[in-house]
Amino acid sequence: MEMSHKTTSASTSSIRIRYYKPADGEHVRELFKTSLSVGADSPLHHLFRHELKSSRAFISYVAVFLGIATALAPKARQPIQLLTAAAFVIIGSTSFISHLLYTYGAFMAFVNGSIGGPDMQDVPRIYGMVPTTDPAKSGTLVPCGKNAFWVAETCVIGASGDLQTEVVGCIGLDINSSPGDTSAELRRLAVSSSCRGQGIARTLVRELVAHTRATGIETVWLRTSSSNVGALAAYRKLGFQVERAYDPFKNLDTHVLTMEVENCTL
Ligand SMILES: CC(C)(COP(=O)(O)OP(=O)(O)OC[C@H]1O[C@@H](n2cnc3c(N)ncnc32)[C@H](O)[C@@H]1OP(=O)(O)O)[C@@H](O)C(=O)NCCC(=O)NCCS
């Protein structure tokens with residue numbers, strides 16, 4: 001298979017899944033960064049919501065509440081009581097804000113580390129994509145082994161009849177992080193926030209599964225943050241099962257999900 005030409009309907013354009021090509025680099029990195037950090041359904045927002053309900057946040061709420069209650073208490077006009085109230089409010093709110101800032105910084109460091117990491121900086125090398133030998137498709141890449149990387153792009157016919165495309169989704173398959181050669185990791189699944197809910201992730205995963213069937217991969221697995229409830233819900237709908245869930249007592253901050261290819265009904 002040299003190129004994928006799957007389409008799925010969208011409101012204003014069609015969606016095409018194809019292999020990554022060198023010109024996609026910047027678009028894919030930007031897409032990955034914004035899909036993780038921008039929008040109400042982004043993992044960053046899910047992480048903030050998760051942190052707002054954490055025990056650490058609860059302690060801050062209690063401290064601020066105690067400070068306000070102390071300040072408003074009848075007969076609380078003694079300087080020592082007002083100082084105590086101010087201390088509670090300052091410590092509670094400072095700890096709350098600094099934790100949110102730390103969370104944001106750590107998340108963006110993870111995102112920037114991901115897009116600056118070897119696989120996103122050099123997709124062809126890590127995902128084994130090589131120039132096609134088909135002269136009709138010169139300049140495009142195809143997988144030379146079990147690894148592969150795909151993008152989803154919107155295709156719109158412009159007023160002058162030209163084809164206008166935009167990369168709005170991506171997904172990679174990598175066997176390097178798995179033992180043996182019959183299991184592979186699903187990596188870098190991302191869909192632009194403006195194109196979600198149209199079945200693009202489903203189409204990307206379907207393409208990936210077709211590739212696993214053709215290359216003898218039996219199990220696909222992935223890691224995702226436990227706070228990324230949107231992605232976890234999507235993966236479950238796509239047929240992945242949670243193999244290892246978040247467990248603070250075992251110091252796990254990610255979920256590991258797997259799918260047996262032979263059971264996949266996508
Ligand atoms: C997760 C993500 C890739 C889903 O992309 P998408 O194109 O909107 O997904 P699809 O439209 O193909 O939906 C596939 C299924 O998942 C479900 N789904 C998708 N997002 C969901 C959400 N936030 N909550 C619940 N279900 C969701 C859909 O309803 C659909 O199931 P259905 O066909 O049975 O109705 C996208 O939200 C995204 O890019 N998120 C940010 C990046 C990210 O978290 N990536 C994963 C890193 S591990």
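The exercises below, each with a worked solution, concern a predicted model.

**Exercise 1.** Determine where UniProt places the feature "transmembrane region", and describe the secondary structure of each span.

*Solution.* Begin with the record: in an unreviewed entry, UniProt places this feature at residues 57-74 and at residues 80-102. Next, take residues 57-74, whose end C-alpha atoms lie 28 Å apart, and note that this span is 89% helix and 0% strand. Then turn to residues 80-102, where the end C-alpha atoms are 32 Å apart and the span is 100% helix, with 0% strand.

**Exercise 2.** Decide whether L83 is buried or exposed, and locate this residue in the fold.

*Solution.* Start with the location of L83, which belongs to helix α4, a helix made up of residues 79-116. Now consider its surroundings: L83 has 11 other C-beta atoms within 10 Å, and a residue counts as exposed if that number is 12 or fewer. L83 is therefore exposed. As a last step, look at G67, which is 16 residues away from L83 along the chain, and whose C-alpha atom is separated from that of L83 by 9.3 Å.

**Exercise 3.** Describe the shell around the ligand by its residues, its elements and its classes.

*Solution.* First, the ligand is surrounded by 23 residues, and the closest are R196, A201, G230, A233 and A234. Second, at least two residues of the shell come from each of α1 (25-37), β7 (183-191), α7 (200-215) and α8 (229-237), with α8 giving the largest share, five residues. Third, sorting the shell by class yields eleven nonpolar, eight polar and four charged residues.

Notes
Residues numbered from 1 in each chain as written. Predicted model: local features only at pLDDT ≥ 70, side-chain atom pairs only at ≥ 80, totals over all residues. UniProt positions renumbered as here; feature names shortened; annotations may be inferred. Helix = DSSP H or I, 4+ residues; strand = E, 2+ residues; numbered from the N terminus. Near = placed C-beta within 6 Å. Nonpolar A, V, L, I, M, F, W, Y, C, P; charged D, E, K, R; others polar. Buried ≥ 20, exposed ≤ 12 C-beta atoms within 10 Å, placed from the backbone.
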